[in-house]
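Me: I should like to go through the model shown below by question and answer, beginning with its pocket and then turning to its charged pairs.

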Amino acid sequence: MEIPYTVKARPDTGVYNAKLGIWLFLASEIMLFGGLFSAYIFLRIGAPAWPGEIEGHLYVHASEVLNVPMAALNTFILIGSSVTVVMAWASLMMNRFDRFRLFMGATILLAFAFLVVKSIEYGTKFEHGLYPWESNFLGIYFVLTGLHALHVIGGIVVNGYFLGPGSKLWKTNPQYFTNRIEIAGLYWHFVDIVWIFLFPTIYLL
Amino acid sequence: MAEMHSAEEIKAHVRVYLYVFGALAVLTIVTVAVGYYHLPIVPALIVALVIAVIKGGLVASYFMHLMTEKRLIYWLLIMTVVFLLAMFAIVVSAFHSQEGVHLVP
């Protein structure tokens with residue numbers, strides 16, 4: 001059975017089906033991260049000090065516990081990757097498959113760079129005995145950034161598929177493939193937006 | 001996008017993408033710089049959230065093409081925001097309803 005409306009817009013919705021699908025998925029993702037953000041708000045307004053006491057030390061600024069320059073670097077990496085993934089789509093729109101490969105490859109490399117920086121951050125925390133169970137602050141920090149990192153890994157898998165075996169579709173149905181890249185891009189931009197909110201909330205406030 | 005764009009149109013888009021990247025980079029620097037001042041929590045929260053909303057709005061409007069999206073997608077997102085705010089409201093009201101309960105430091 002052929003999947004309907006992969007290329008043309010469905011008359012009643014005005015969009016091709018996958019676009020409505022990804023936006024519904026992203027709406028559910030907003031509620032998922034929103035739930036965790038509300039947990040953060042709840043923990044924070046109930047805390048006498050934030051980040052508060054961790055292993056006998058009283059911290060009053062998150063930046064004393066977390067590495068702000070590294071997180072700022074990761075912000076630049078992610079917004080850079082948002083540009084490369086939209087350029088990958090724009091390259092296909094301009095019929096430039098070679099440039100698509102270049103930009104999609106760059107997107108995946110930047111995603112790996114983000115994970116490397118994140119794992120260095122996690123590693124330093126663990127070296128200092130800062131584990132999720134040490135305090136509410138560390139608990140919500142690891143849950144929020146960990147879930148976000150899982151989404152980055154998910155993006156690498158999807159984008160890797162479209163750079164590799166999935167790119168065969170370009171030869172048989174270029175418009176369908178271009179739409180798929182737009183959808184993958186929408187997901188990737190969402191991962192970027194989550195980080196844009198996570199970074200100031202957790203590291204700077 | 002189902003409708004085809006001319007190469008010229010896409011080239012114009014690409015220029016806009018680079019401007020948006022520049023704006024995002026500048027706003028990130030501003031966020032970090034303001035963070036180092038350790039403002040009191042309310043102004044710090046307002047500044048951080050306003051900048052984050054602008055940055056998120058730029059990504060959504062330009063990179064995710066929400067500027068030119070169909071009405072159905074707008075409605076879907078408006079409903080999502082309504083439910084998200086309702087969820088936040090439930091959490092905050094749950095916190096206030098436990099007034100009188102002593103928080104253990």
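Me: How much space lies in the largest pocket?
Reply: The structure is a predicted model, and the volume is computed from it. The space in the largest pocket comes to about 1200 Å³.

Me: Which residues lie nearest the centre of the largest pocket?
Reply: The lining of this pocket comprises 33 residues. Those nearest the centre come from chains A and B: Phe37(A), Phe197(A), Val53(B), Leu84(B) and Phe88(B).

Me: Which helix gives the largest share of the lining of the largest pocket?
Reply: At least two lining residues are supplied by each of H1 and helix H7 (174-204) of chain A, and by each of H2 and H3 of chain B. Within chain B, domain 1 (7-67) and domain 2 (68-98) each contribute at least three residues. The largest share, ten residues, belongs to H1(A).

Me: How many residues of the lining of the largest pocket are nonpolar?
Reply: One residue of the lining is charged and five are polar. The nonpolar residues number 27.

Me: How many salt bridges does a search of the whole structure find?
Reply: The search covers all chains. One of the pairs is Arg96(A) with Asp98(A), whose N to O distance is 3.2 Å. Over the whole structure the number of salt bridges is five.

Me: Where does Lys19(A) lie, and is its side chain in the salt bridge with Glu69(B) buried or exposed?
Reply: Lys19(A) and Glu69(B) form a salt bridge with an N to O distance of 3.0 Å. The pair crosses between chains: Glu69(B) is in the loop between helix H2 (41-63) and helix H3 (71-97) of chain B, while Lys19(A) is in helix H1 (residues 17-45) of chain A. Glu69(B) has a relative accessibility of 10% and counts as buried. Because its relative accessibility is 3%, Lys19(A) also counts as buried.

Me: Which residues do salt bridges with shared partners join into one network?
Reply: The salt bridge of Arg96(A) with Asp98(A) is a pair within chain A. Where salt bridges share partners, one network results, and its members are Lys19(A), Glu182(A) and Glu69(B).

Me: Is Asp12(A) buried or exposed?
Reply: Asp12(A) forms a salt bridge with Arg10(A), with 2.6 Å between the closest N and O atoms. Arg10(A) has a relative accessible area of 31% and is partly exposed. A residue counts as exposed over 50%. Asp12(A) is at 57% relative accessibility and therefore counts as exposed.

Note on methods
Residues are numbered from 1 along each chain as its sequence is written. Chains are lettered from A and ligands numbered from 1 in the order in which they are written. This is a predicted model: local features need pLDDT of at least 70, side-chain atom pairs count only at pLDDT 80 or more; totals for chains, interfaces and linings use all residues. Side-chain values use heavy atoms; hydrogens and water are left out. A salt bridge is a side-chain nitrogen of Lys or Arg within 4 Å of a carboxyl oxygen of Asp or Glu. Buried means under 20% relative accessible area, exposed over 50%, partly exposed in between (1.4 Å probe, protein chains only). Helices (H or I, at least four residues) and strands (E, at least two) are DSSP runs, numbered from the N terminus. On a 1 Å grid over the protein atoms alone, a cavity is a set of points where a 1.4 Å probe fits but cannot get out, and a pocket is an open set with protein on both sides within 12 Å along at least five of seven lines; lining residues have an atom within 4 Å of a point. Grid points are joined across faces, edges and corners, and a volume is the space filled by probe spheres set on the points. Ala, Val, Leu, Ile, Met, Phe, Trp, Tyr, Cys and Pro count as nonpolar, Asp, Glu, Lys and Arg as charged, and the others, Gly among them, as polar. Domain bounds come from an automatic or database domain assignment.
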